[in-house]
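Student: Please take a close look at the ligand site in this model. I would like one connected account of what surrounds the ligand, followed by the backbone details that stand out elsewhere.

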Amino acid sequence: MRRKLKIAIMGGTFDPVHYGHLVAGEAARKEFNLDKVVYVPSGRPPHKQEKNITESHHRYLMTVLATTTNRYFDVSRMEIDREGHSYAVDTVAQFNEKYKGRAELYFITGGDAILEILTWKRVEDLLRQCTFIAATRPGFNLEGLQDKLSQKLPQQLCQKIIPFQVPALAISSTDIRTRIRKGDPIKYLLPENVENYIYKHRIYL
Ligand code: NAP
């Protein structure tokens, strides 16, 4: 019998995508033996005001530009094209539908985002369907998370959140946006084609 594919959904706003996100995807691919890492820029995050986020077509195109050179990376418009708020549980369900049980699913995202997972829609259902990889910046502590989770969730579900330290996540989208507004350089923080795209379309200015 053929083994199941191991597919990771890389969830994030990607406003903009940077080398931290790319290194996290590649490091997770190696560590968890993933067949594919699919970057899924969020459409309408439930916890954010839409006006504070760059238009989705820019975030999608920047993510496509950033990932073209890695044959294990893909980008999906799934959340951008879906009506209403973007909930992780709906995205995972759509992936399950696509692979019809032939894939074991992972969801990679920032550790700071996962700290709030108890507030996410149908969290137990979500954790039954995939394993979370909590990508953290150096020095970031996820110990409190396990305590918090174990008070609310069964032990076997708490174990489905795996902390994963990524030194390159010292880079952050917020910092890049601030640098652009201040006229500071962003070179070497993100791929050059993404940098050119940002300046061409005057995003974040
Ligand atoms: P965020 O609050 O913008 O980001 C929180 C932190 O995580 C930031 O430090 C961010 O750094 C980092 N981060 C975000 N995505 C990352 C990634 N793929 N790899 C490494 N670090 C990452 O979080 P968000 O981007 O809006 O949400 C993250 C994911 O969680 C999305 O897929 C979103 O749909 C999902 N989510 C779902 C629900 C729900 O289902 N109810 C609720 C909240 C979030 P950067 O700013 O540098 O990226």
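Tutor: This is a predicted model. The ligand takes up the space of the largest pocket. Among the elements, strand 1 (5–12), strand 4 (103–110) and helix 5 (111–114) are the ones that each give two or more residues to the shell around the ligand. That shell holds 25 residues, and the closest are His21, Lys48, Ala88, Arg137 and Ser173. Sorted by class, nine of the shell residues are nonpolar, eleven are polar and five are charged.

Polar contacts with oxygen atoms of the ligand come next. Lys48 places a polar side-chain atom 2.5 Å from a ligand oxygen. His18 also makes its contact through the side chain, where an N or O atom is 2.8 Å from an oxygen of the ligand. At Ala88 the contact comes from the backbone: a polar backbone atom is 2.8 Å from a ligand oxygen. As for burial, the ligand on its own has 860 Å² of accessible area, and the protein covers 89% of that.

Strand 4, one of the elements in the shell, also takes part in an aromatic pair. The whole structure has six such pairs. In one of them, Phe32 and Tyr106 are tilted, with 6.0 Å from centre to centre and 50° between the planes. Tyr106 belongs to strand 4, while Phe32 is in the loop between helix 1 (19–31) and strand 2 (36–41), so this pair ties together parts that are 74 residues apart in sequence.

The loop that holds Phe32 also contains Asn33. The phi of Asn33 is near 55°, which is positive although the residue is not glycine. A second case is Tyr204, in the segment after helix 10 (192–200). Here phi is near 70°, again a positive value in a residue other than glycine.

The remaining backbone detail concerns a peptide bond. The bond from Asp15 to Pro16 is cis, and its omega is near 0°. Pro16 lies in the loop between strand 1 and helix 1, and strand 1 is itself among the elements that give residues to the ligand shell. These backbone details are worth listing because most peptide bonds are trans and most residues other than glycine have a negative phi.

Notes. Residues are numbered from 1 along each chain as its sequence is written. This is a predicted model: local features need pLDDT of at least 70, side-chain atom pairs count only at pLDDT 80 or more; totals for chains, interfaces and linings use all residues. Side-chain values use heavy atoms; hydrogens and water are left out. A residue is near a molecule or strand if one of its heavy atoms lies within 4 Å of it. A polar contact is a pair of N or O atoms within 3.5 Å; within protein, one must be able to donate a hydrogen and the other to accept it, and residues adjacent in sequence count only if both atoms are side-chain atoms. Accessible areas come from the Shrake-Rupley method with a 1.4 Å probe; for residues, only the protein chains shown count as cover. On a 1 Å grid over the protein atoms alone, a cavity is a set of points where a 1.4 Å probe fits but cannot get out, and a pocket is an open set with protein on both sides within 12 Å along at least five of seven lines; lining residues have an atom within 4 Å of a point. A molecule sits in a cavity or pocket if more than half of its atoms lie within 2 Å of its grid points. Helices (H or I, at least four residues) and strands (E, at least two) are DSSP runs, numbered from the N terminus. Ala, Val, Leu, Ile, Met, Phe, Trp, Tyr, Cys and Pro count as nonpolar, Asp, Glu, Lys and Arg as charged, and the others, Gly among them, as polar. Rings of Phe, Tyr and Trp (its six-membered ring) pair if their centres lie within 6.5 Å; planes under 30 degrees apart count as stacked, over 60 as edge-to-face and the rest as tilted.
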